[in-house]
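Welcome to this guided tour. Keep your viewer open and get ready to select residues as we go.

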Amino acid sequence: VQLQASGGGLVQAGGSLRLSCAASGRTFSRNTVGCMGWFRQAPGKEREFVAAFSRSGSATYYADSVKGRFTVSRDNAKNTMYLQMNSLRPEDTGVYYCAVDGPPFCITSTIETESPYDYWGQGTLVTVSS
């Protein structure tokens, strides 16, 4: 599976961006992939969890810092998942990565860690100015 993240850019605080993650090599369905998530890495910091889907897509998970502002979604027909980011803050600045768990199961107790994810996109830079 190859993942291509896009949609990053420079935005003022309070603005919005929508990130996309397009997959090739495997279709998105509950029978082909497991957990699907977004992570980010701020300058000088470790990569951290942002948001994720369960295998079926019926359950979503968010870091406390983005709850109510970010929304994950996916379009299985387009093999693409999205991260809609609203009310952006300077502390949201970082490189955003999409990730997919290869086997078609998802251990939700680990969904907020990097361990389930086998495939990672190259990252897209989001810069929020104050």
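Start by selecting Phe39, Phe49, Tyr117 and Trp120, which together form one aromatic cluster. Keep in mind throughout the tour that this is a predicted model. A search of the whole structure turns up 4 aromatic pairs, and we will visit two of them here.

**Stop 1: inside the aromatic cluster**

Hide Tyr117 and Trp120 for a moment and look at Phe39 with Phe49. Their rings make an edge-to-face pair, with 5.7 Å from centre to centre and 75 degrees between the planes. Phe39 belongs to strand β4 and Phe49 to strand β5 (residues 47-53), so this pair ties together parts that are 10 residues apart in sequence. Are these two residues buried or exposed? Both Phe39 and Phe49 are buried.

Now bring Tyr117 back and look at it beside Phe39. This aromatic pair is edge-to-face too, with ring centres 5.3 Å apart and 80 degrees between the planes. How many residues apart in sequence are the parts that this pair ties together? Phe39 sits in strand β4 while Tyr117 sits in the loop between β9 and β10, so the parts tied together are 78 residues apart in sequence. Phe39 and Tyr117 are both buried.

**Stop 2: the disulfides**

Next, select the cysteines. The structure holds 2 disulfides. Begin with Cys21 and Cys98, which are joined with an S to S distance of 2.1 Å. Look along the bond between the sulfur atoms: this link is right-handed, with 70 degrees about the S-S bond. Cys21 is in strand β3 (residues 17-24) and Cys98 is in strand β9, so the pair ties together parts that are 77 residues apart in sequence. Switch on a surface and check the two ends: Cys21 is buried, and Cys98 is buried as well.

Move on to Cys35 and Cys106. Their sulfur atoms are 1.9 Å apart, and the two residues form a disulfide. The link of Cys35 and Cys106 is right-handed, with 100 degrees about the S-S bond. Where in the chain do its two ends lie? Cys35 is in the loop between β3 and β4 (36-41), and Cys106 is in the loop between β9 and β10, so the pair ties together parts that are 71 residues apart in sequence. Both Cys35 and Cys106 are buried.

Show both links together and trace the chain from its start. If you count the bonded cysteines along the chain, the disulfides follow the pattern 1-3, 2-4.

**Stop 3: Phe105**

From Cys106, step back to Phe105, which lies in the loop between β9 (94-100) and β10 (119-120). Is Phe105 buried, partly exposed or exposed? Its relative accessibility is 47%. Buried means under 20% and exposed means over 50%, so Phe105 counts as partly exposed. Leaving out residues up to four places away in sequence, Phe105 touches Gly34, Cys35 and Arg55. Add Ser56 to your selection as well: it is 49 residues from Phe105 along the chain, and their C-alpha atoms are separated by 9.1 Å.

**Stop 4: three arginines**

Select Arg47 and Tyr97. Arg47 lies over the face of Tyr97, at 4.8 Å from the ring centre. Then try Arg74 with Phe53: here Arg74 lies over the ring face, at 5.4 Å from the ring centre.

Now go to Arg69, in the loop between β6 (60-62) and β7 (70-75). Arg69 has a relative accessible area of 7%, and it is buried. Which residues is Arg69 in contact with, leaving aside neighbours within four places in sequence? They are Gln84, Met85, Asn86, Ser87, Leu88, Arg89 and Asp92.

**Stop 5: strand β11**

Finish in cartoon view with strand β11 (residues 124-129). Turn its side chains on: Thr124, Val126 and Val128 make up the covered face, while Leu125, Thr127 and Ser129 make up the uncovered one.

Then look at the partners of β11. Strand β2 (residues 9-12) pairs with β11 in the parallel sense over 4 bridges, and Gln12 stands opposite Ser129 in β11. In which sense do β9 and β11 pair, parallel or antiparallel? They pair in the antiparallel sense, over 3 bridges. To find your place between these two strands, select Gly94, which stands opposite Val126 in β11.

Notes. Residues numbered from 1 in each chain as written. Heavy atoms only, no water. Buried < 20%, exposed > 50% of the residue type's maximum accessible area, 1.4 Å probe, protein only. Contact = heavy atoms within 4.5 Å. Disulfide = S-S within 2.5 Å. Phe/Tyr/Trp six-rings, centres within 6.5 Å; stacked < 30°, edge-to-face > 60°. Lys NZ or Arg CZ within 6 Å of the ring centre and 35° of its normal. Pairing = 2+ DSSP bridges.
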